[in-house]
Amino acid sequence: MLKYLNWHIVFSCLIIAVCLFAKDVSAQANLDKLQFKSSKGSVVFAKYDSDFLIDDKGIKYAFNKKIIILSLLSVDEISQLHDEIKQVQVIANIGNRLVYWVTPRTEYFFDVYLALSKHQDVLEIEPDIAPVTKLITSGTRVPTSNTLTPQNAPLCDKPKNTVRVAIIDDGFDFTHPEFDDLTVLLEYDPDKQTLAASSKNPIDYHGTRVVGVIAAKQDNVGVDGIAPTSEIIAIRQVSTWSSSLILAFQVAKLMKADVINCSWVLPFLSSITSLVIEDIASASNAPTIVVSAGNSGEEACKINQLSALDSVVVVGSINKNGEVTSFSNYGECVDYYAPSSIASTSRNGYANFGGTSSSAAIISGVVAQLKACGVEHPLTKLTMVENIYAAHKIKKK
């Protein structure tokens with residue numbers, strides 16, 4: 001009987017040991033894979049090389065060996081979760097939950113990620129990635145003959161309110177004469193974490209064109225902005241790093257922006273980034289977040305992941321005949337269509353500004369001016385403006 005009992009004890013120990021070994025092997029095998037949430041659901045990335053991750057479709061994403069988490073813990077408590085964490089920074093808040101940017105020692109990235117992902121007080125976790133190296137702005141060259149501007153708008157001559165417009169884009173040139181009277185509340189660069197948003201090279205002009213549509217002074221010289229009394233929050237966002245995007249939107253939130261213009265396309269949207277955007281949209285000042293549908297002539301839902309968020313206003317382009325342009329993205333994720341072209345400011349004076357970038361800027365300008373005039377629920381008044389149409393009224397040819 002004793003021999004029989006001992007054999008069963010030995011056998012049980014062997015089984016446990018084998019199971020533990022198998023579990024350890026499994027964990028080791030998965031150290032180079034990351035599972036986390038995107039706006040579309042759970043995703044799995046595998047290590048491609050030292051600088052890139054790859055998804056199951058073979059698409060590569062740059063990653064900088066940093067981790068983004070959402071937690072109720074403090075900075076000190078996060079720092080103590082793993083010995084190889086070098087730095088912890090707060091980059092946003094969602095209510096009483098904080099979004100942290102965690103920097104582990106490079107060689108221990110996957111170890112730290114695995115440890116954090118298993119901790120009960122880490123509510124969300126994702127690698128800091130960039131789906132493309134540069135933010136894809138939605139401007140395109142459109143013939144000047146297609147230029148349309150809103151006419152007969154239900155807008156006041158003397159605004160009652162001061163409206164803050166945050167523009168997340170590339171460089172801004174505020175030395176342009178059209179901005180002599182403009183109030184720029186803040187310039188910020190999330191990539192560099194510096195108080196500057198000026199253009200850095202000859203092609204760094206998109207932000208200048210967006211701000212011209214919205215806020216160039218109205219003096220019948222050059223171009224006239226739609227909401228010239230707006231106060232501008234200029235956020236120079238060039239990359240697509242999740243951390244920088246989160247920080248850009250957090251800055252707009254902290255500055256209490258009433259309108260946030262995003263004339264660009266994002267092919268991948270992380271879960272934490274989407275939570276940050278949804279949180280901003282629910283702020284007490286009811287900010288309007290306007291994004292461009294994109295210029296690839298495809299369904300916006302598939303191309304621009306921002307367009308899938310319920311909290312944003314997605315804008316496509318129409319031509320001078322009131323038809324969806326051949327380049328504009330379209331579909332059920334698009335909310336409004338606006339003119340595909342408008343004259344605006346540029347680094348060298350003035351230029352025609354086209355694509356869904358200009359369409360989004362027009363909507364942002366009209367919303368800003370309606371808010372300045374004290375109009376409640378400005379989105380319900382958009383279609384009272386000539387050449388702006390609700391998406392359900394327009395069909396793709």
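Which backbone nitrogen does the side chain of Asp55 reach at 2.8 Å? Before selecting anything, keep in mind that this is a predicted model.

**First stop: Asp55**

Select Asp55, which is placed in the loop between β3 (52-54) and β4 (60-71), and display its side chain together with the backbone of the residues that follow. The backbone nitrogen in question belongs to Ile59, which the side chain of Asp55 reaches at 2.8 Å, and the side chain of Asp55 also reaches the backbone nitrogen of Lys57, at 2.9 Å. Because its relative accessible area is 13%, Asp55 counts as buried. If you now add Val44, you will find its C-alpha 6.2 Å from that of Asp55, although the two are eleven residues apart in sequence. Once neighbours within four places in sequence are set aside, Asp55 is in contact with Val44, Phe45 and Tyr61.

**Second stop: Thr208**

Move next to Thr208, which sits in helix α4 (residues 206-215) and counts as buried, with 0% relative accessibility. Show the side chain of Thr208 and the backbone of Asp173: a polar atom of that side chain lies 2.9 Å from the backbone nitrogen of Asp173. To see what surrounds Thr208, select the residues it touches, not counting those up to four places away in sequence, namely Gly171, Phe172, Asp173, Phe179, Ser199, Ser344, Thr345 and Ser346.

**Third stop: helices α5 and α6**

Now colour helix α5 (residues 242-254) and helix α6 (residues 271-281), whose axes are 10 Å apart and which pack at an angle of about 10 degrees. With angles under 35 degrees counted as roughly parallel, that makes α5 roughly parallel to α6. For the contact itself, select Ser242, Leu245, Ile246, Phe249, Gln250 and Lys253 on the α5 side, which meet Ile272, Thr273, Val276, Ile277, Asp279 and Ile280 in α6. Coloured by residue class, the residues of this contact of α5 with α6 divide into seven nonpolar, three polar and two charged.

**Last stop: helix α8**

Finish with helix α8 (residues 356-372), a run of 17 residues that reaches 24 Å from its first C-alpha to its last, close to the 24 Å expected at 1.5 Å a residue. With a surface displayed, is α8 largely enclosed by the rest of the structure, or exposed? Of the 17 residues of α8, 17 are buried, so the helix is largely enclosed by the rest of the structure. Following the chain onward, you come to Gly374 after α8, and there the phi angle is positive, near 80 degrees.

Key
Residues numbered from 1 in each chain as written. Predicted model: local features only at pLDDT ≥ 70, side-chain atom pairs only at ≥ 80, totals over all residues. Heavy atoms only, no water. Axes fitted to C-alpha atoms, helices over the stretch in contact; angles between N-to-C directions. Helix = DSSP H or I, 4+ residues; strand = E, 2+ residues; numbered from the N terminus. Parallel < 35°, antiparallel > 145°, perpendicular 65-115°, else oblique. Contact = heavy atoms within 4.5 Å. Nonpolar A, V, L, I, M, F, W, Y, C, P; charged D, E, K, R; others polar. Buried < 20%, exposed > 50% of the residue type's maximum accessible area, 1.4 Å probe, protein only. Polar contact = N/O pair within 3.5 Å; in protein donor to acceptor, adjacent residues only side chain to side chain. Expected span 1.5 Å × (residues − 1).
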